[in-house]
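Q: Please take a close look at the open sheet of this model and at the buried charged residues. I would like the strand order, the pairings and the surroundings of those residues described in one connected account.

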Amino acid sequence: MKSLKKLNAFKALKQHFDEIKSLHMKDMFEQDADRARRYFLKQGNIRLDYSKNRINDRSLELLIDLAEECDLKNKIKAMFEGEKINTTENRAALHTALREQNLKEFKLDGQNISKDVREVLERMGEFSDTLRRGEWLGYTHQIISDVVNIGIGGSDLGALLVCKALKHYGHPRLNMYFVSNVDSFQIQDVLKRVHPETTLFIVASKTFSTQETLTNALTARKWFLDHALDEKFIAKHFVAVSTNKEAVKSFGINENNMFEFWNWVGGRYSLWSAIGLSIMIYLGKENFKNLLKGAFEMDEHFKNADFQNNMPVILALLGIWYINFFGAHSHLIAPYDQCLRYFPKFIQQLDMESNGKSVRKNGARVDYDTGPIIWGDMGINAQHAFFQLLHQGTHLIPIDLIASLSKKGNLPGHHEILLSNLFAQAEAFMKGRTHEEVYARMIRGGMSDEEAGKLAPHRVFSGNRPSNVLLLDHICPKSLGSLIALYEHKIFVQGAIWDINSFDQWGVELGKELAGNILSQLCGEKNSCKHDSSTEQLIRIYKNFNAP
C-alpha cells in the first residue's frame, strides 16, 4: 500500500478540506432540511446520529473512496477469515470467532477453533451454573458469595465494564471485585471486605507470568492459606484463566479449574473468551451468550453492509477526517448513563493500545497522525467540569455522546433531565452563539450598551464542534455487546487506513523490562545495570527513605 498521503483519495480529500473547512454546521442544517434523516444509521438497537459533523455528501463520498483505495473490504475479509494480520507476532486476530453464532467449523493452522471455543464456553457455563446454584462450596462447605477477579489490562477492564454496566442483571447473592493495581492498597481493601471461607479468586493471565497479576494473586494466596492452613483447599477457592497449564499447577490450582484461551485472542479483545468467566458467573450463561450475540450481530453488519451504511466504517472515517485533516489530536467519550461509567476507560485501552503506533506495517515511519488520545467521563458530571474547554477552548475535540432511551426505575423526571442535557449539549456544540446573539440577549436583559460590549466576547460560543449521538434502546447484554464490537471495528478500520498493526502492543514492553532491573536495585540486590542520573537519584532517594 502507498503511503496514505500519496493516495489519490487522500489528495482529493485535502483539496476538499481546504474548500469546506470554514463552513459552519449551523448553515449546513439551515440549507438542508433532510440532513438529520440522511446522516443517521440504525443497527440492532443502536442508533447513530452523525449529522452534527463538519461534512457534506462530497466529504462522505471522498472518505469512502479513501477506504476503498486502502482495500478496506479485503482487509475486513482477511480478519474474519483468520489471516495473520498481526504481522509482527505472526498471529491471526480472531476475537470475532469467540462470538460466532452460526456454529460453522472454522480451522486455523489445521485446528478446529470453533470446536475449542464451544468446549470452553460449555465448561464455563457448567462451572458458573454450579457456583450460581450454590453447589460449589468452599473448604468449610459454605456457599461462595464473593468473587475476586485478579488481572490487569485486557484481563480486567472488559470484565469490569460489563459487570458494572449490567449490575442489574447480576446474581443477588454474589459480590464482584476486581483487582488490577499492584499498589497494595487495592488488594488489601478487597481482602478486608471478603472472607476466605466464601471467596472465589479468578486469576486471569494469558501467560500466568504478568508481574502485577501474579503479585496480587500470591498475596491473595498467602492471605487464604493464613486462614485455611492447607494448600489442598486452594482448589476450592482459586481458578485460572490462562494458556500456561504448568504455571497454573505450580501455583496450586487444579488443572481442571483452568479455563483456556488462545494466542489469537488479543488481551484487549478477550472479554468474549474465558477472560469473561467473571461475567458469566455474575450474569449467568444466558446473559453472557446474549452479550456474544449482540457482538456477533455487529460483526455481521460490519462484514456485510456497504460502507455508506456501515456504522463502524462511518465512525472510523469521521475520526480519520478530524485527525488527518482538521488536526484533532483527542477524542472524547461521554456516556449519559451511570451504567456506562467504565466505558471511556475501556475504550482508552482498546483504542490507544491498538492504534498508538508510529510505524507502518512495512516498518516505515508514518508521516501522518494516527491514533487519537481517548478520554472521557460521565457526560452529566463532565458538563460541570471540562465541557468548558470543549465549548470555548482552542482545541477541536470530536465527541461521542452515548445514552439509553429506556428509563431506569420509577423516579419521575430524572431520565428526561439526563437526555435533555445530552441533546442540548450536542445542539450547543453544533450551533454555538454569535457575538450579535449574545449582545442582543444582554441588551434585552436590561444591560447597558457599554457593559454588553465588554462582556459579549466572553459569552460567545463558536460552535461548529462535531459530535456523534449514539442511542441504545436500553442497556442490556445484547446492546452492550453490540456497542463494544462497534468500537472494536471502528478502531480496526482506522488502523487499516493508516496501514498500522492494530493488534500488537510493543510499546508496553520497554518499561516492563527496565522496571525489572530497577526492582532488583530497590530491593537491595546487586545489579550492574546503569541508568541516567535522574533515575539513579530517584533510586537512591527511595532506598535512603526506607533504610533501616
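A: The account below begins with the sheet and then turns to two charged residues.

The model is predicted, so local features need pLDDT of at least 70 and side-chain atom pairs count only at pLDDT 80 or more, whereas totals for chains, interfaces and linings use all residues. Residues are numbered from 1 along each chain as its sequence is written, and side-chain values use heavy atoms, with hydrogens and water left out.

Helices (H or I, at least four residues) and strands (E, at least two) are DSSP runs, numbered from the N terminus. Two strands pair if DSSP finds at least two bridges between them. The open sheet has six strands in the order β1-β2-β13-β12-β10-β11, with mixed pairing. Its edge strands, β1 (40-43) and β11 (373-376), each pair on one side only. From one strand to the next the twist averages 20°; axes are lines fitted to C-alpha atoms, for helices over the stretch in contact, and angles run from 0 to 180 degrees between N-to-C directions.

At the β1 edge, four bridges link β1 to β2 (residues 46-49) in antiparallel fashion, and Q43 has I46 as its bridge partner in β2. Two residues lie between the strands of this hairpin, where G44 takes a positive phi near 60°. Strand β2 is also joined to β13 by four bridges, again antiparallel, with L48 partnered by L470 in β13.

Elsewhere in the sheet, β10 (residues 330-335) and β12 (residues 399-404) run parallel and share four bridges. I333 stands opposite D400 in β12. Helix α18 (residues 414-431) packs on the sheet, touching β12 and β13 (467-472), and its direction makes about 160° with that of β12. Contact means heavy atoms within 4.5 Å.

D400 also appears beside K490, a residue of helix α21 (residues 477-498). Not counting residues up to four places away in sequence, K490 touches P312, L315, A316, H331 and D400. K490 is buried (under 20% relative accessible area, 1.4 Å probe, protein chains only). Lys and Arg count as positive and Asp and Glu as negative; His and the chain ends are not counted. The nearest side chain of opposite charge to K490 is D400, 4.4 Å away, and K490 has no salt bridge, which requires a side-chain nitrogen of Lys or Arg within 4 Å of a carboxyl oxygen of Asp or Glu.

D146, in strand β5 (residues 146-150), is likewise buried without a salt bridge; R173, its nearest side chain of opposite charge, is 9.0 Å away.

Technical notes: Buried means under 20% relative accessible area, exposed over 50%, partly exposed in between (1.4 Å probe, protein chains only).
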